[in-house]
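Trainee: I have the model loaded and want to read it piece by piece. Where do we start?

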Amino acid sequence: MESRSVQRQVLMVEDTASVAALYKSYLNPLGLTVNIVGTGTEALTFVKDITPDLILLDLRLPDMTGMEVLESVRRDHGNIPVVIMTAHGSIDVAVEAMRHGAQDFLIKPCEADRLRITVNNALKEENKAPKERQKSKQGGAQYQGFIGNSLPMQAVYRVIESAAASKATVFITGESGTGKEVCAEAVHAASPRNDQPFVALNCAAIPKELIESELFGHVKGAFTGASTERQGAVELASNGTLFLDELCEMDLDLQSKLLRFIQTGTYQKVGSSKTSTVDVRFVCATNRNPWVEVQEGRFREDLYYRLHVIPVTLPPLRDRGEDVIEIAHALLALMSVEEGKNFSRFSPEVINLFQRHSWQGNVRELQNVIRNIVVLNTGEEVTMQMVPPPIIGGAGAEIAHTVQLTAEPQKSADIRDGVSHHHPVDKTQIEPLWIVEKRAIQAAIDACEGNIPRAAGLLEVSPSTIYRKLQAWQEAAGSNREIK
């Protein structure tokens, strides 16, 4: 008699019957036995009687939370793999569930292919030996330009994978330097539009008077200086992806025109009455809280709801665990090649320092630190002596303030001592900003014994900024005029 392999058992814990039936139909091609229960109590009873090969667990259940079910399964049946099913708004909870032993998570609603791939991967992972499983989880990860496999970043990768195939707008938020443009490019690269243009427009870097022209283009003679007709970002991004960075900086009047374009897919170039149509997929980003901007009247509520469809929150570097060291090693290798240096590793003390540092500037700050080290030093190993002052001694602004207060007072009649924070400030004591800036820069240069690149690192600005300001002050002194 021919033997048949036993079908693998999957327990789906989902209280919405229609959703459960749909997802079960998605899994039919895999030849699995899918059992459906609608409550946490039923799930725990099922697991006591029959040990499934995999549990698909919704986080929202009528009688208890999915986290409570997960904790009970982990406590009494520790080896059963669990995949969390969650909506977009509960991604943080899903990440927390992975910290408590869930193997993976799915974002609902999910497509058939995504569900089948996740289930297949979970069942394959479950077949591995414990050591092999641990090794695969600890291995470094690179995903569409990102480096790191921390749980918060795994959440970001899942959202990108789920959202990429649709035309739905992705709205990226996160602190400055977390990689919002990298995320936008990842969405584009994972989408069916990946062979079409990706066009980025930074709304904060373009003057208010020109941003409409940059977005929609202009015709010849539309305004002073418009000597030729120009394509705008929406036209350049036709059939591709348009990334609007720092969206909350956009003027309210232009927001209304953007809203009309999103609603109709049509636009007019500046100075033209002709209406054009284009197909673009929007990805937006801001380092502000967009809903706070709406509440304070700086961002249109109707535009917010149009664009805030699939939110992605990029975690700060300080919350990404071992990713810091992975990124640092990758940057060290890249910049050593670019600068013709031989650096290949960090000393244990530097690694420990990088793991403890708060990285207020996130990945961008880490990039600047590694560049500083590689440019100003030589060797194979990065030592503590090579690390610039802001990382060793705290934030650059704090160090500049400390240096300013401890430096020898200037003799110039125009430059007064620092104003004490412990006493009321008289209006006559307030200095022009350029004087405060000049004193801080000079104090940093003195503290670094004239080394301007190191002073720039201490102040967290580029050396070219300091050189430019020194030249301006020197020219002003030569012509006997103040720099305002």
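Trainee: Which elements each supply at least two residues of the lining of the largest cavity?

Mentor: Keep in mind that this is a predicted model. The lining consists of Phe105, Leu106, Ile107, Arg114, Arg158, Glu161 and Ser162. Match these numbers to the elements. At least two lining residues each come from strand E5 (104-108) and H7.

Trainee: How much space lies in the largest cavity?

Mentor: Rolling a probe the size of a water molecule over the atoms shows where empty space is left. Searching the whole structure turns up one cavity of 30 Å³ or more. The space in the largest cavity is about 40 Å³.

Trainee: Helix H7 keeps coming up. How far apart are its end C-alpha atoms?

Mentor: H7 covers residues 151-164, which makes 14 residues. At 1.5 Å a residue, the helix should span 20 Å. The model agrees with that, because the end C-alpha atoms of H7 lie apart by 20 Å.

Trainee: How many of the 14 residues of H7 are buried?

Mentor: Buried means under 20% relative accessible area. In H7, that applies to Pro152, Met153, Gln154, Ala155, Val156, Tyr157, Arg158, Val159, Ile160, Ala163 and Ala164. Arg158 also lines the largest cavity. H7 is mostly covered, and its buried residues number eleven.

Trainee: Which strands does H7 lie across, and at what angle does it run to E16?

Mentor: H7 lies across E8, strand E15 (281-286) and E16. These three belong to an open sheet of five parallel strands, in the order E9-E12-E15-E8-E16. Measure the direction of H7 against E16 and you get about 155 degrees.

Trainee: Which are the edge strands of that sheet?

Mentor: Read the order from end to end: E9-E12-E15-E8-E16. An edge strand here pairs on one side only. That gives strand E9 (198-202) and strand E16 (310-313).

Trainee: What stands opposite isoleucine 172 in E16?

Mentor: Strand E8 (residues 170-173) and E16 run parallel and are joined by four bridges. Isoleucine 172 takes part from the E8 side. Its opposite number in E16 is valine 312.

Trainee: Now the sheet that holds E5. Which strands stand at its edges?

Mentor: This is an open sheet of five parallel strands, ordered E2-E1-E3-E4-E5. Each edge strand has a single partner strand, so one side of it is left without a neighbour in the sheet. The edges are strand E2 (33-37) and E5.

Trainee: How many residues of E3 are buried?

Mentor: Leu54, Leu56 and Asp58 point one way from E3, while Ile55 and Leu57 point the other way. Both groups are buried. E3 is therefore largely enclosed by the rest of the structure, with a buried count of five of the five.

Trainee: Which residue of E3 is the bridge partner of valine 13?

Mentor: Four bridges join strand E1 (residues 9-13) to E3, and the two run parallel. Towards strand E4 (residues 82-87), E3 also has four bridges. There, isoleucine 55 faces valine 82 and leucine 56 faces valine 83. On the E1 side, valine 13 has as its partner leucine 57.

Trainee: At what angle does helix H3 run to E3?

Mentor: Helix H3 comprises residues 66-76. It lies across E3 and E4. Its angle to E3 is about 155 degrees.

Trainee: On to the backbone. Which peptide bond is cis?

Mentor: Look in the loop between E5 and helix H5 (112-127), where proline 109 is found. Omega there is near -5 degrees. The cis bond runs from lysine 108 to proline 109.

Trainee: Asparagine 239 has positive phi. Is it buried or partly exposed?

Mentor: Phi of asparagine 239 is near 70 degrees. The residue sits in the loop between helix H10 (233-236) and strand E12 (241-245). Its relative accessible area is 39%, which means partly exposed.

Trainee: And tryptophan 359: is it buried or exposed?

Mentor: Its phi is about 50 degrees, positive although the residue is not a glycine. Tryptophan 359 lies in the loop between helix H15 (348-356) and helix H16 (362-376). Its relative accessibility is 0%, so it counts as buried.

Technical notes. Residues are numbered from 1 along each chain as its sequence is written. This is a predicted model: local features need pLDDT of at least 70, side-chain atom pairs count only at pLDDT 80 or more; totals for chains, interfaces and linings use all residues. Side-chain values use heavy atoms; hydrogens and water are left out. The expected span of a helix is 1.5 Å times one less than its number of residues. Buried means under 20% relative accessible area, exposed over 50%, partly exposed in between (1.4 Å probe, protein chains only). Two strands pair if DSSP finds at least two bridges between them. Contact means heavy atoms within 4.5 Å. Axes are lines fitted to C-alpha atoms, for helices over the stretch in contact, and angles run from 0 to 180 degrees between N-to-C directions. On a 1 Å grid over the protein atoms alone, a cavity is a set of points where a 1.4 Å probe fits but cannot get out, and a pocket is an open set with protein on both sides within 12 Å along at least five of seven lines; lining residues have an atom within 4 Å of a point. Grid points are joined across faces, edges and corners, and a volume is the space filled by probe spheres set on the points.
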